[in-house]
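Trainee: I would like to learn how to read a model like this one, feature by feature. Could we go through it together?

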Amino acid sequence: MFMNTRSKFDQNLKELKSLQLNMAAEAETAIKNAMLALLNQDIGLASKVMNGDQVIDDLEYDIHEKVLQLIAQQSPVAKDLRRLHVALTVSSEVERLGDIAVNIAKSVVHIGNEKYLKELSEIPKMMEMATEMLTEAITAFYSEDPALAKKCAEKDDQVDEMFGDILKELLTYTPQNPDSTNQIIQLAFVCRSIERIADHSTNIAENVIYLETGKRYNLNA
Amino acid sequence: MSIQTLTREIFDVKDLNLWYGDHHALKGIYFPIQKKEVTAMIGPSGCGKSTFLKTLNLMNKMIANVKITGEVKFDGQNILHPKTDLVELRKHVGMVFQKGNPFPQSIYDNVAYGPRIHGIKKKTHLDEIVTKALMDVALWDEVKDRLTAPALGLSGGQQQRLCIARALATKPDVLLMDEPTSALDPISTLKIEELIFELKEKYTIVIVTHNMQQAARVSDKTAFFLMGELIELSETSTIFSMPKDSRTEDYITGRFG
């Protein structure tokens, strides 16, 4: 009597998940490329990131369409309903990650070939921490693993702290380097973007926990 | 007012077991039913939900080889007691079936049937009861000009509402509904669901439904039955969002059934 009566719905959910993973992979690549472009002052790569954002936006649109269609046709309840709600929320988070990659790329273009005032050392560390969080959030989402989601979110405070420290340091350069104000402002923007990557990763992690437990946690607090 | 009527439970079922011959159809059911609430029962065919419903007004006592043990208290009295007056019980606990089953009589006589059985003869009194019952089920405007017409000439949805009016005419406390919309089109179904929502003001409603969205829409509490057991009884919002038992989740999400 425990026959599976919902193979079509399960198939649709698999397709949805595959779309979500494609989108997450696109955003992760865009973020990593934007960071590489910053480190290497590679304007070509930065342009590629800016031009690639449409793919992520289109995937978000496809995911939203598919979710609405499944709600209309399948009347989902319980975990199925949470799964579709999470698909909408997470795809919006990932879309924002795509925009952040574009913002970093724009800063790379604005800085251009102007030599960095000081070799970037703290910013790459912050980047590494934020991308690690992003990868963990996506893996936790893929494997529906609340423990990994929690582990990911625990790093958010460290990224916030790094952001504060780097910002302070950047401000100290301003008086002595009035000609480099643009570079300093752009690097501050980049740091703000990296800090946002950590926040969005934490939001994705919160959704993984909600999907599994039905309970809302504010891991950013 | 008795102490019982002050409590919120109109039915209190404890350790109810029911056998059809050797078949153990209900297994140790504990089930409180709150006054003026809609309680929905869901579960796969043969899970015991209709059997449980029929136990609440002892409809299944008419079936041969039925054995019932435990306690089913209605307003404080155990109705499983052999001296229970079935006619009196069913006056308080009315029932509506899957398909509208009007008597082959006029619309008026269908509704007046119950009150007449209970001794009401005066025409003006019967008129009053029939009018009120038909208004309660939102059928009055549709039939007021043809009360003497045969009830079987009504549409399926109207017949079902007529049967609900017939059940209401005896002024019951509880209305049992066994899949009341399974034979109806979507618009008639919606009308019955709206009616259930309105009737809740005055009556306690217990409904068996195969339509889970219907349970989600109309009920305050939902009970999930499986193989004669009551697996879970909770607020409807809980059952359809975070059921406690994985079997409930598997059923409502269509993983079996």
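**Reading the model step by step**

Mentor: Let us begin with one residue in chain B: Asp15(B) lies in strand E1 (residues 9-20) of that chain. Please keep in mind throughout that this is a predicted model.

Trainee: What is the phi of Asp15(B)?

Mentor: The general idea comes before the case. Most residues other than glycine have a negative phi. Here, the phi of Asp15(B) is near 45 degrees, which is a positive value in a residue other than glycine. Asp75(B), which is not a glycine either, has a positive phi of about 50 degrees, and its place is in the loop between strand E4 (66-74) and strand E5 (77-78) of chain B.

Trainee: Are Asp15(B) and Asp75(B) buried or exposed?

Mentor: For that we count C-beta neighbours, and a residue with 12 or fewer inside 10 Å is called exposed, whereas 20 or more make it buried. Asp15(B) has 11 such neighbours inside 10 Å and therefore counts as exposed, while Asp75(B), with 18, counts as partly exposed.

Trainee: How would I apply that reading to a whole helix, and why is H7(B) called largely enclosed?

Mentor: One looks at how many residues of the helix are buried, and then at what they pack against. Helix H7 (residues 156-168) of chain B has 13 residues, and 12 of the 13 are buried, so H7(B) is largely enclosed by the rest of the structure. Among the buried residues are Gln158(B), Arg161(B), Cys163(B) and Leu168(B). The buried residues of H7(B) pack against strands E6 (93-96) and E7 (174-178), and against helices H4 (107-117), H5 (123-136), H6 (140-143) and H8 (186-199), of chain B. As for its length, H7(B) reaches 18 Å from its first C-alpha to its last, close to the 18 Å expected at 1.5 Å a residue.

Trainee: Turning to the other chain, how many helices and strands does chain A have?

Mentor: Chain A has seven helices and zero strands, and its C-alpha trace spans about 75 × 35 × 20 Å along its principal axes. Buried residues make up 37% of the 221 residues in chain A. If one takes the contacts with a separation of 6 or more, residues 24 or more positions apart account for 80% of them.

Trainee: At what angle do H1(A) and H3(A) pack?

Mentor: For a pair of helices one reads the angle, the distance between the axes and the handedness. Helix H1 (residues 7-40) and helix H3 (residues 78-111) of chain A pack at an angle of about 20 degrees, with their axes 9 Å apart. That angle makes H1(A) roughly parallel to H3(A), and their crossing is left-handed. By class, their contact has 20 nonpolar, three polar and one charged residues.

Trainee: How do H3(A) and H7(A) pack?

Mentor: H3(A) and helix H7 (residues 181-213) of chain A pack at an angle of about 170 degrees, with their axes 9 Å apart. They are therefore roughly antiparallel to each other, and the crossing of H3(A) and H7(A) is left-handed. The residues of this contact divide into 12 nonpolar, 11 polar and five charged.

Trainee: What covers the buried residues of H1(A), and what follows this helix?

Mentor: The cover includes helix H2 (43-74), H3, helix H4 (122-143) and H7 of chain A, and the buried residues themselves include Leu16(A), Met23(A), Glu26(A) and Leu38(A). H1(A) has 34 residues and reaches 49 Å from its first C-alpha to its last, close to the 50 Å expected at 1.5 Å a residue. Gln41(A) follows H1(A), and its phi is positive, near 50 degrees.

Trainee: As a last exercise, which residues do Leu148(A) and Ala149(A) touch?

Mentor: Leu148(A) lies in helix H5 (residues 146-154) of chain A, and Ala149(A) lies in helix H5 of chain A. With 18 C-beta neighbours inside 10 Å, Leu148(A) counts as partly exposed, whereas Ala149(A), with 29, counts as buried. Leaving aside neighbours within four places in sequence, Leu148(A) is in contact with Glu136(A), Thr139(A) and Ala140(A), while Ala149(A) touches Ala137(A), Ala140(A), Ala205(A), Val208(A) and Ile209(A). Ala149(A) and Ala137(A) are 12 residues apart in sequence and 5.8 Å apart in space, C-alpha to C-alpha.

Key. Residues numbered from 1 in each chain as written. Chains lettered and ligands numbered in written order. Predicted model: local features only at pLDDT ≥ 70, side-chain atom pairs only at ≥ 80, totals over all residues. Axes fitted to C-alpha atoms, helices over the stretch in contact; angles between N-to-C directions. Helix = DSSP H or I, 4+ residues; strand = E, 2+ residues; numbered from the N terminus. Parallel < 35°, antiparallel > 145°, perpendicular 65-115°, else oblique. Left-handed = near helix turned anticlockwise from the far one by under 90°. Nonpolar A, V, L, I, M, F, W, Y, C, P; charged D, E, K, R; others polar. Expected span 1.5 Å × (residues − 1). Contact = placed C-beta atoms within 7 Å.
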